[in-house]
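Me: I'm new to this structure and would love a close look at one part of it. Could you take me through the sheet, and then show me how that part sits alongside a few others?

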Amino acid sequence: MNTGRTPKRGLLSVVSGNTPQARSHAVDTLRRAAPDAVVLSVSVDADEGGRYPFVQRVVSCDDGQLRDELCRAATGDPAVIVRQDLEVIARRTTRPHVVLALPAEVDAEHFLAALWQTPLGRTPTAHHYDLGPVAAGVEPDRFLSDLRCVHQTVRFCGPGARAVPVTLAEAAARQVEAAATVIVGPAREAAAGTQEGVRALLAHLSPSATLLSDAGVGADEVVLDALTRPDPRWIEAGPADRLDPVITPARRPGVDLGIASALWRSRRPVHPERLAVSLPKIMSGVVRSRGHLWVATRPGSVVSWRSAGRHLELREAGDWLQEGDTRAWRDASPQRRTLASWFWDDYYGERRNELVFTGTDLDQDELRGVLDATLLDDRELSLGVDGWAGLPDPLLGDAVPGRSDR
């Protein structure tokens with residue numbers, strides 16, 4: 001296959017899958033596009049004690065010596081171990097194409113952010129490789145099952161070597177949201193409409209992703225060719241930039257097989273008690289929601305919002321940018337700085353609420369109306385941050401001393 005101009009660096013393609021078979025199918029798709037690629041398959045066995053996980057790597061390529069050198073197991077930070085493997089491959093191969101196959105238990109976005117960090121005294125991974133489109137294989141029946149499962153957790157490897165418990169629903173949603181290419185495998189014959197329904201849902205969970213069906217994988221030369229090139233979207237936002245809690249998820253307009261996505265925005269802070277009371281109405285029919293809030297009892301904090309299935313997580317995920325805080329602005333991602341400048345208000349600063357909801361049969365106007373009713377009214381707003389600190393907060397608990405004046 002003609003890949004056009006030869007890149008100055010090698011190419012790193014990241015592949016995952018919600019089942020081993022789906023991951024293998026995605027890897028096969030990459031191999032079809034790049035037959036000479038080196039496949040580095042990783043498995044991570046994390047325990048509940050917080051110790052370093054057990055990381056095993058298997059290499060598939062024509063270089064027997066390279067296979068023997070890298071096919072081994074180690075205990076440690078998975079990103080550090082894989083970074084060292086990639087350096088070995090880069091030293092032995094001119095402009096290599098590496099397909100990095102990650103297990104379902106690894107958060108691809110956090111893993112890439114850690115992989116792209118430059119440890120003291122080491123050569124950056126970006127010196128050897130450009131990033132290609134992240135690809136995820138999806139088995140439709142399993143995906144729908146996992147997206148409903150909030151009572152079972154998996155040890156999900158996030159930043160560094162830490163493994164945190166997340167619901168199966170959350171892990172399934174994050175995997176496809178991180179992907180620029182989603183390869184949908186066949187559904188069981190007993191569920192003939194499953195694949196179409198899953199494709200519609202995936203289109204809303206990852207609106208910018210290219211969806212490939214099992215039947216079209218080998219036919220679309222343009223799509224396959226794109227898998228062998230650097231992904232230009234990484235230039236706009238690097239791996240670490242995409243983790244910023246103030247970056248709002250993209251929303252797909254329209255309704256697909258009853259599935260729709262709704263965006264809600266507001267510049268006023270949320271009353272936490274009214275939000276808690278309204279949650280049953282807000283979450284009715286919602287399959288996935290993401291974004292951030294400005295909560296009155298946490299005026300200086302960005303409160304991240306994530307839901308998958310029936311499980312909702314709210315947590316403080318950093319501070320709002322303040323005028324004159326040069327260090328915070330410098331440390332923020334380019335996207336964050338751009339958005340802050342764009343939305344900046346003389347009174348509110350960058351503070352705002354932005355949530356995206358995806359679900360079935362959503363009444364978007366009613367949803368926005370319920371959310372609008374949770375905002376502070378004029379009288380409450382006039383109390384200022386000192387008055388807001390005394391509001392009842394059944395969601396996040398008592399306000400943290402010393403943060404109410406931020």
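**A close look at the sheet**

Reply: Let's start with one pair of residues: Leu-293 has Val-303, in β15, as its bridge partner. Please keep in mind as we go that this is a predicted model.

That pair belongs to a wider match between two strands. Strand β14 covers residues 286–293 and strand β15 covers residues 301–308; the two run antiparallel and are joined by six bridges. They are part of an open sheet of six strands, and its order is β12-β13-β17-β14-β15-β16, with antiparallel pairing. Which strands stand at the edges? They are β12 (255–256) and β16 (311–319). Each has a single partner strand, so one side of each is left without a neighbour in the sheet.

A helix joins the picture here. Helix α14, made of residues 364–372, packs on the sheet and touches both β13 (259–266) and β17 (353–360). The direction of α14 makes about 30° with that of β13.

Now for a helix elsewhere in the chain. Helix α1 runs over residues 20–33, which is 14 residues. At 1.5 Å a residue, α1 should span 20 Å, and its end C-alpha atoms are 20 Å apart, so the two values agree. Which residues of α1 are buried? They are Ala-22, Arg-23, Ala-26, Val-27, Thr-29, Leu-30 and Ala-33. These residues cover an arc of only 155° around the axis, which means that they lie on the same side of α1. The general idea is friendly to remember: an α-helix has 3.6 residues a turn, so residues three or four places apart point the same way. On the face of α1 turned away from the buried side are the exposed residues Pro-20 and Gln-21.

One more residue is worth a visit. Glu-69 sits in helix α2, which covers residues 64–70. Is Glu-69 buried or partly exposed? With a relative accessible area of 31%, Glu-69 is partly exposed. Beyond its neighbours within four places in sequence, Glu-69 is in contact with Val-88 and Arg-92. Val-59 is ten residues from Glu-69 in sequence, and their C-alpha atoms are 9.2 Å apart.

Finally, a word on confidence. The mean pLDDT of the protein is 86, and 90% of its residues reach 70 or more. Two stretches stay under 50: residues 215–219, with eight contacts beyond four places in sequence, and residues 401–406, with 15 such contacts. Where pLDDT is low, the predicted coordinates should not be read in detail.

Note on methods:
Residues are numbered from 1 along each chain as its sequence is written. This is a predicted model: local features need pLDDT of at least 70, side-chain atom pairs count only at pLDDT 80 or more; totals for chains, interfaces and linings use all residues. Side-chain values use heavy atoms; hydrogens and water are left out. pLDDT is the predictor's confidence in each residue, from 0 to 100. Contact means heavy atoms within 4.5 Å. Two strands pair if DSSP finds at least two bridges between them. Helices (H or I, at least four residues) and strands (E, at least two) are DSSP runs, numbered from the N terminus. Axes are lines fitted to C-alpha atoms, for helices over the stretch in contact, and angles run from 0 to 180 degrees between N-to-C directions. Buried means under 20% relative accessible area, exposed over 50%, partly exposed in between (1.4 Å probe, protein chains only). The expected span of a helix is 1.5 Å times one less than its number of residues. The arc is that of the directions from the helix axis to the C-beta atoms.
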